Amino acid sequence: ELELLNVILMKEVYLKTALDSGVLDQLSHSGALALGKRIAEVYRLMPNKFDTLSALLTGEVQPTGAVTMHLSEPYCSLKDDAAAKLLQDCIKRVKENFLKVKSKELVSNLRGSNPADSAEQLEQIMNIHKDRRSLNRDS
């Protein structure tokens with residue numbers, strides 16, 4: 001997740017891709033989720049200040065390396081196609097993890113629920129598994 005956040009800070013187009021995919025709302029670590037939301041918030045307020053986004057965030061994040069990893073190796077030497085591939089891989093991993101966690105939550109809730117709610121929860125579980133399969137098929 002930290003890798004994803006640093007990749008999206010490399011180029012504005014990567015941030016837009018992540019925002020369009022909705023992946024920033026699917027981060028599992030609370031710190032990464034908060035940072036992802038903050039990145040999106042600051043960017044939406046000042047899209048013309050993308051170049052200073054990392055600098056703006058360093059004062060808000062501890063350790064500061066969490067938002068400056070993309071400025072050092074191996075990130076800074078990545079070619080555009082390799083960085084785009086890394087971004088897609090990170091998005092896929094975060095989404096897979098999110099769907100896995102969501103599925104486990106639903107299965108756990110299903111065990112303690114009444115039969116009337118079971119059909120809806122089973123349908124949600126099936127939809128999550130379909131989404132996971134389509135993620136694997138698309139890559």
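Does cysteine 90 count as buried or exposed, and at what relative accessibility? I looked it up first: cysteine 90 counts as buried, at 2% relative accessibility, where buried means under 20% relative accessible area, exposed over 50% and partly exposed in between, with a 1.4 Å probe and protein chains only.

**Entry 1, ground rules.** I note that this is a predicted model, in which local features need pLDDT of at least 70 and side-chain atom pairs count only at pLDDT 80 or more, while totals for chains, interfaces and linings use all residues. Residues are numbered from 1 along each chain as its sequence is written, and side-chain values use heavy atoms, with hydrogens and water left out.

**Entry 2, the chain as a whole.** I find 6 helices and 0 strands in the chain, giving the pattern α-α-α-α-α-α when read along the sequence; helices (H or I, at least four residues) and strands (E, at least two) are DSSP runs, numbered from the N terminus. The C-alpha trace spans about 55 × 30 × 25 Å along its principal axes. Of the 139 residues of the chain, 32% count as buried. The chain exposes about 8,500 Å², of which carbon and sulfur atoms supply 53%; these areas come from the Shrake-Rupley method with a 1.4 Å probe, and for residues only the protein chains shown count as cover. I also looked at contacts, meaning heavy atoms within 4.5 Å: among those between residues at least 6 apart in sequence, 63% join residues at least 24 apart.

**Entry 3, helix H5.** How far apart are the end C-alpha atoms of helix H5? They are 47 Å apart, which agrees with the 46 Å that the 32 residues of H5 (residues 80-111) should span at 1.5 Å a residue, the expected span being 1.5 Å times one less than the number of residues. The buried residues of H5 include Ala83, Leu86, Leu87, Cys90, Ile91 and Val94, and Lys95 is also among them.

**Entry 4, lysine 95.** Since a lysine stands in that buried list, I looked at what surrounds its side chain. Lysine 95 is found in helix H5, and a polar atom of its side chain lies 3.2 Å from the backbone oxygen of serine 21. Leaving aside neighbours within four places in sequence, lysine 95 is in contact with Ser21, Val23, Gln26 and Leu135.

**Entry 5, salt bridges.** I took a salt bridge to be a side-chain nitrogen of Lys or Arg within 4 Å of a carboxyl oxygen of Asp or Glu, and by this rule the count comes to 6. In helix H5, lysine 85 and aspartate 89 meet at 3.0 Å, N to O; they are 4 residues apart, so about one helical turn separates them, and aspartate 89 is partly exposed, with a relative accessible area of 31%. Glutamate 96 forms another salt bridge with lysine 92, the closest N and O atoms being 3.8 Å apart, and both lie in H5, 4 residues apart, about one turn of the helix. Glutamate 96 is partly exposed at 23%, as is lysine 92 at 22%.

In helix H3 (residues 30-45), arginine 38 and glutamate 41 are 3 residues apart, again about one helical turn, and their side chains meet in a salt bridge at 3.2 Å, N to O. Arginine 38 is partly exposed, with a relative accessible area of 26%, and glutamate 41 is partly exposed at 40%. I note further that Arg38, Glu41 and Glu60 are linked in a network of salt bridges.

**Entry 6, cysteines.** Why does the sulfur of cysteine 76 form no bond with the closest cysteine sulfur? That closest sulfur is in cysteine 90, 16 Å away, which is too far for a bond. I count 0 disulfides in the structure, a disulfide being a pair of cysteine sulfur atoms within 2.5 Å. Cysteine 76 is partly exposed, with a relative accessible area of 47%, whereas cysteine 90, as noted at the start, is buried.

**Entry 7, leucine 15.** I closed with leucine 15, whose place is in helix H2 (residues 12-21) and which counts as buried at 0% relative accessibility. Leaving aside neighbours within four places in sequence, leucine 15 is in contact with Ile8, Leu24, Ile39, Tyr43, Phe50 and Leu53. Leucine 15 and leucine 4 are 11 residues apart in sequence and 9.6 Å apart in space, C-alpha to C-alpha.

Methods: A polar contact is a pair of N or O atoms within 3.5 Å; within protein, one must be able to donate a hydrogen and the other to accept it, and residues adjacent in sequence count only if both atoms are side-chain atoms.
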